[in-house]
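Open the model in your viewer and keep the sequence panel beside it. The stops below say what to select and what is found there.

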Amino acid sequence: MNTSRWIAAGSLAVASLIGVGVDTAIATPKMLSDAKKAGIAANNCQYCHTEAMPKKDTFKPEALNDRGKFMMDDMQKRNLKEPDPAALKNFTGGADKK
Ligand code: HEC
């Protein structure tokens, strides 16, 4: 009569395993949340990337859009270890500033 309990426990374990898998599949949501913290209206990766879901092993700097490239420049100018989304406040857009 304890079979249903075992099944419940089993599916719980599977669910948490899947949960872990999903966590590691999301590559750099940190960039997105950092941007939001800095008051930047970034909703997805394409705010700075041309790809919908950039991955570490296939990432190329050319696949950044104007905003991403601006951050990359800023990062190199200021010798930062990671891009600083707050720098985007000085980004005036690629259209009028080439
Ligand atoms: C606010 C701008 C911005 C947003 C939003 C953003 N990125 Fe990036 N990302 C960059 C910049 C700039 C670089 C290049 C600088 C570097 O190498 O750290 C980069 C580099 C990367 C790299 C390669 C270097 C590394 O650190 O692994 C990956 C992978 C990546 N981004 C994934 C993502 C994913 C996935 C998202 C969405 C969940 C995302 N990014 C959203 C700006 C952004």
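Which residue follows α3, and what is the sign of its phi? Select Asn79: this residue comes after α3 and has a positive phi, near 60°. Asn79 is not a glycine, although its phi has that positive value. Its place is in the segment after α3. Asn79 counts as exposed because it has 6 C-beta neighbours inside 10 Å, and the cut-off for exposed is 12 or fewer.

**The whole chain**

Now select the protein chain and colour by pLDDT. This is a predicted model, with a mean pLDDT of 79 for the protein chain and 67% of its residues at 70 or more. The chain has 3 helices and 0 strands, in the order α-α-α from the N terminus. Of its 98 residues, 10% count as buried. Among contacts between residues at least 6 apart in sequence, 24% join residues at least 24 apart.

**Helix α1**

Select residues 3–25. This is helix α1, which has the lowest mean pLDDT among the elements, 52, whereas α3 has the highest, 95. Then narrow the selection to residues 17–26, where pLDDT stays under 50 and the model has 0 contacts beyond four places in sequence. Where pLDDT is low, the predicted coordinates should not be read in detail.

**Helix α3**

Select residues 66–77, which make up α3. This helix has 12 residues and reaches 16 Å from its first C-alpha to its last, close to the 16 Å expected at 1.5 Å a residue. Which residues of α3 are buried? They are Arg67, Gly68, Phe70 and Met71. These four cover an arc of only 160° around the axis, so they sit on the same side of α3. An α-helix has 3.6 residues a turn, so residues three or four places apart point the same way. Turn the view to the other side of α3, where Asp73, Gln76 and Lys77 are exposed.

**Arg67**

Stay in helix α3 and select Arg67. Why does Arg67 count as buried? It has 20 C-beta neighbours inside 10 Å, and 20 or more is the cut-off for buried. Leaving out residues up to four places away in sequence, Arg67 touches Tyr47, Cys48, Leu88 and Phe91. Add Ala87 to the selection: its C-alpha is 10.0 Å from that of Arg67, and the two are 20 residues apart along the chain.

**Asn65**

Next, select Asn65, in the loop between α2 and α3. Asn65 is partly exposed, because 14 other C-beta atoms lie within 10 Å. Beyond its neighbours within four places in sequence, Asn65 is in contact with Cys48, His49 and Thr50. Draw a C-alpha to C-alpha distance from Asn65 to Thr50: it is 5.6 Å, for residues 15 apart in sequence.

**The ligand**

Finally, select the ligand and the residues around it. How many residues surround the ligand? There are 24, and the closest are Thr28, Cys45, Cys48, Phe59 and Met71. Cys48 is also among the contacts of Arg67 and of Asn65, while Met71 is one of the buried residues of α3. By class, the shell has 18 nonpolar, 3 polar and 3 charged residues. Highlight α2 (29–37) and α3 (66–77), each of which supplies at least two residues of this shell. Of the elements, α2 gives the most, with 4 residues.

Technical notes: Residues numbered from 1 in each chain as written. Predicted model: local features only at pLDDT ≥ 70, side-chain atom pairs only at ≥ 80, totals over all residues. Near = placed C-beta within 6 Å. Nonpolar A, V, L, I, M, F, W, Y, C, P; charged D, E, K, R; others polar. pLDDT = per-residue confidence, 0-100. Contact = placed C-beta atoms within 7 Å. Expected span 1.5 Å × (residues − 1). Arc of directions from axis to C-beta.
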